[in-house]
Amino acid sequence: MSAIYISAAHKSSGKTTLSIGLVRALSERDIAVQTFKKGPDYIDPLWLGAASGRPCYNLDFYTQSRDEITACYASRMAERDLALIEGNKGLYDGLDVEGSNSNAAMAAFLSVPVVLVVNCRGMTRGIAPLLLGYQAFDQHIDIGGVILNMVGGSRHESKLREVVEYYTDIPVLGAVQADEKLQIDERHLGLIPSNEISASQQIINTLADTIRQSVDLDRLLLVAEKARPPITPSLQNRQECVAGPCIRIGYAKDRAFGFYYPDDLERMHELGVELVPFDTLNESQLPDVDGLFLGGGFPEMAMEALESNVSMRQAIAEYIERGGPVYAECGGLMYLTRSLSWHGKKCRMVGIIPADTLMHEKPQGRGYVRLRDRGGGPWSAGVNGQADSIIHAHEFHYSSLSGLDSEETTFAYEVMRGFGIDGQHDGYCYKNLMASYTHMRNVGGNHWVDRFVSHVRACRRGHASSQTKVKDV
């Protein structure tokens, strides 16, 4: 098995666009590439998955145990030729001074060589001390090569190569010249998601063309061969899969909503769930389902279309009022409020949550969160006798709720770190709905998928029981 870890000296070095191009260029060589993304993220994995043709999985020290990280990595690599792990932030950046959750820590933990992407704009001889410093800072990190990015031209490239080869022993694997065609437009939380861009495959192919011309792929593959095979751990607390009767859960999948962790959806399949995608923008009615999952996304980018689809908004509101089990995260929560306001426009939303969503110029909640689950939600951990359990998760939102009466609201969670809905609480509860700004992962002791699926089944049994009683009468 081969693997490379694509990292950078700092954010905005272009590692994501280069990673996307590398994945497609390598896949076109009939190499089965499995992609991973370090940290909590939906957008980069959507692009990496689109480039490889298979889901991209997240590796995260904050939400996963080390055994879970290894298990995720090893199991996904069982039938693949090459792992490409894209880092977040800079190679040595992390939550604490020791860098315990940094990209470097992940690369060392998985024994994967690092390919460092360096934004060389305005840089020549200065690249040498940068590389030497990164190489010397942690002896456990194998910097197997460097890709020079944002290069100003052939003369600039020659100077950079000469400096790197003269002062360091790090091989230059490629040099990519600055080109506007290689940029993917960004939004407040990073790149625009691939599910919103109709020309995403064309963009990926353009990036791959550039990589083939600018990067020595054969040499990069030799670096990747230095990775050590993962050791599959025995997870003592692993949740056994006990599939129950088949149920159908609808999930919003369109250009407004598309943020789902693939392993969470896979867990639903394991538990006997048939996942039914539906389009909140173009379909007039909900599919015939037993539960709903409204994931994150950018509803503000489609707010007028969401407002125009009155029948879908009414169908969702009626479903919730009838007691249908629904889980909504971030964008899904925004969609369920009375209205969404952005850039002077205000559009009606579903109207179940008695609040209005306001978009802001600065983040209202961004990064890791820690929640105390007090058992107040319809499928909270406390329902299973684990009240006061601690959940590690994350949030990314530029919106806030206005008009919600926190004193009259039932919340599932107390926020210990982060912001949530009001700085103190998250997990708005109403009937069989739970909606939160926090994004959950079915890992780290927070097996929300199992609890949600069990709750959906219980609701279905209750509905069938009530229908029988009505007939008997």
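Begin with the whole protein chain, where buried residues make up 58% of the 473 residues, buried meaning under 20% relative accessible area with a 1.4 Å probe and protein chains only. What is on screen is a predicted model, in which local features need pLDDT of at least 70, side-chain atom pairs count only at pLDDT 80 or more, and totals for chains, interfaces and linings use all residues. Residues are numbered from 1 along each chain as its sequence is written, and side-chain values use heavy atoms, with hydrogens and water left out.

Still with the full chain selected, colour by secondary structure to bring out 13 helices and 24 strands; these are DSSP runs numbered from the N terminus, helices being H or I of at least four residues and strands E of at least two. The C-alpha trace spans about 85 × 55 × 40 Å along its principal axes.

Next, select the open sheet of 9 strands, which follow the order 12-10-13-15-24-23-22-19-20 with mixed pairing, two strands being paired if DSSP finds at least two bridges between them. Strand 12 (273-278) and strand 20 (389-397) stand at the edges with a single partner strand each, so one side of each is left without a neighbour in the sheet.

Then zoom in on residues 247-252, strand 10, which runs parallel to strand 12 and is joined to it by 6 bridges; here Ile 247 stands opposite Val 273 of strand 12. Finally, add residues 262-270, helix 9, which packs on the sheet and touches strand 10, strand 12 and strand 13 (291-294), contact meaning heavy atoms within 4.5 Å.

Terms used. Axes fitted to C-alpha atoms, helices over the stretch in contact; angles between N-to-C directions. Buried < 20%, exposed > 50% of the residue type's maximum accessible area, 1.4 Å probe, protein only.
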